[in-house]
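Colleague: I would like a close look at a single part of this model, the loop that follows the opening helix, together with whatever surroundings help to place that loop. Please take the residues one at a time and keep the numbers with them.

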Amino acid sequence: MPLIFTPEQLARRLRQDAGRLPGVVARGLHRAAHRGRALLVSLSPVDTGQFKNAWRVLNRPPSLQPPSIHNAAPHAGIIERGARPHAVSAEGREALRRWVRRVLGAELKLNLRAQSPGGRVRTRDFEAQVESIVRGIVQKLARVGQKGHFLVEKNLDRLAEFARQEVEAALRLHFERPPA
């Protein structure tokens, strides 16, 4: 149903809206940012969960900037954009060893158990397998680097659509209310 205003009512409504509209738009952008965060969380790769659990909506006063979506995990940039070929430090190799043991350990032990007489897994055989896998990963990182996932970049259109939808909904709700 269309709204009908007299010129005086329209002038009063425009004066009222001039002060309220920035807050209405800010509420829509806030809702869009939270929808965007939920999308990025759902698309995030998971190993320990640190990256997935580090997505946050940063709210700033509406007069300064709209809210933004941020990931505070120390490796977020590498997951998003990847990494050029590089050497791996001793600490990095140790982290890779822990990762191989955690992610592939059970499968490695199962394979070694199947290959060994009596089904026993010797620690030195297991560690040799772990070291072989780590060496392969380190060589690949040195040769080609690490490919990024580009979660944010691939979803910019969806994030912009969330912003459009939520701001439009906030404005529609605002203008459907009768003037004060």
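Modeller: What follows is a reading of that loop, residue by residue, and then of some other parts of the chain.

The model is a predicted one, and the values below are to be read as computed from its atoms.

The loop in question runs between helix α1 and strand β1, the strand being residues 55-58, and S44 is one of the residues placed in it. With a relative accessible area of 6%, S44 is buried, because buried means under 20% on this scale. Its side chain has two polar partners to consider. A polar atom of the S44 side chain lies 2.6 Å from the backbone oxygen of L40, and the side chain of S44 also makes a polar contact, at 2.8 Å, with the side chain of W55. Once residues up to four places away in sequence are set aside, S44 touches F51, K52, W55 and L151, so that W55 appears both in this contact list and as a polar partner of the serine side chain.

Two of those neighbours, F51 and W55, deserve a separate remark. A search of the whole structure finds 1 aromatic pair, and it is formed by F51 and W55 in an edge-to-face arrangement, with 5.5 Å from centre to centre and 70 degrees between the planes. F51 is buried, and W55 is buried too. Taken with the contacts of S44, this gives a picture in which the serine touches both members of the aromatic pair.

Q50 lies in this loop between α1 and β1 as well, but its surroundings are described by another set of residues. At 40% relative accessibility Q50 counts as partly exposed, because that value falls between the limits of 20% and 50%. Leaving out residues up to four places away in sequence, Q50 touches A73, P74 and H75. The C-alpha atoms of Q50 and A72 are 9.2 Å apart in space, while the two residues are 22 apart in sequence.

Strand β1 holds L58, which is partly exposed with a relative accessible area of 34%. Apart from neighbours within four places in sequence, L58 is in contact with P67, S68 and H70. If one looks back along the chain instead, V41 is 17 residues from L58, and the C-alpha atoms of these two residues are separated by 15 Å.

The helix before the loop can be placed by its packing. Helix α1 covers residues 7-43 and packs with helix α6, residues 156-176, at an angle of about 145 degrees, the axes being 7 Å apart. The crossing of α1 past α6 is right-handed, and, sorted by class, the contact between them has 13 nonpolar, 4 polar and 7 charged residues. On the α6 side, E166 is found in that helix and is buried, with a relative accessible area of 15%. Residues up to four places away in sequence again being left out, E166 touches G28, R31, A32 and R35.

Further along the chain, F150 is placed in the loop between α4 (123-144) and α5 (151-154). Its phi is near 55 degrees, a positive value in a residue other than glycine, and at 25% relative accessibility F150 counts as partly exposed. L151, which S44 touches, has the number at which α5 begins.

A last residue for comparison is R93, which lies in helix α3, residues 90-115. R93 is partly exposed, with a relative accessible area of 30%, and, not counting residues up to four places away in sequence, touches V88, V134 and V138. The C-alpha atoms of R93 and R135 are separated by 8.5 Å, with their positions 42 residues apart along the chain.

Definitions and conventions: Residues numbered from 1 in each chain as written. Predicted model: local features only at pLDDT ≥ 70, side-chain atom pairs only at ≥ 80, totals over all residues. Heavy atoms only, no water. Axes fitted to C-alpha atoms, helices over the stretch in contact; angles between N-to-C directions. Helix = DSSP H or I, 4+ residues; strand = E, 2+ residues; numbered from the N terminus. Left-handed = near helix turned anticlockwise from the far one by under 90°. Nonpolar A, V, L, I, M, F, W, Y, C, P; charged D, E, K, R; others polar. Buried < 20%, exposed > 50% of the residue type's maximum accessible area, 1.4 Å probe, protein only. Polar contact = N/O pair within 3.5 Å; in protein donor to acceptor, adjacent residues only side chain to side chain. Contact = heavy atoms within 4.5 Å. Phe/Tyr/Trp six-rings, centres within 6.5 Å; stacked < 30°, edge-to-face > 60°.
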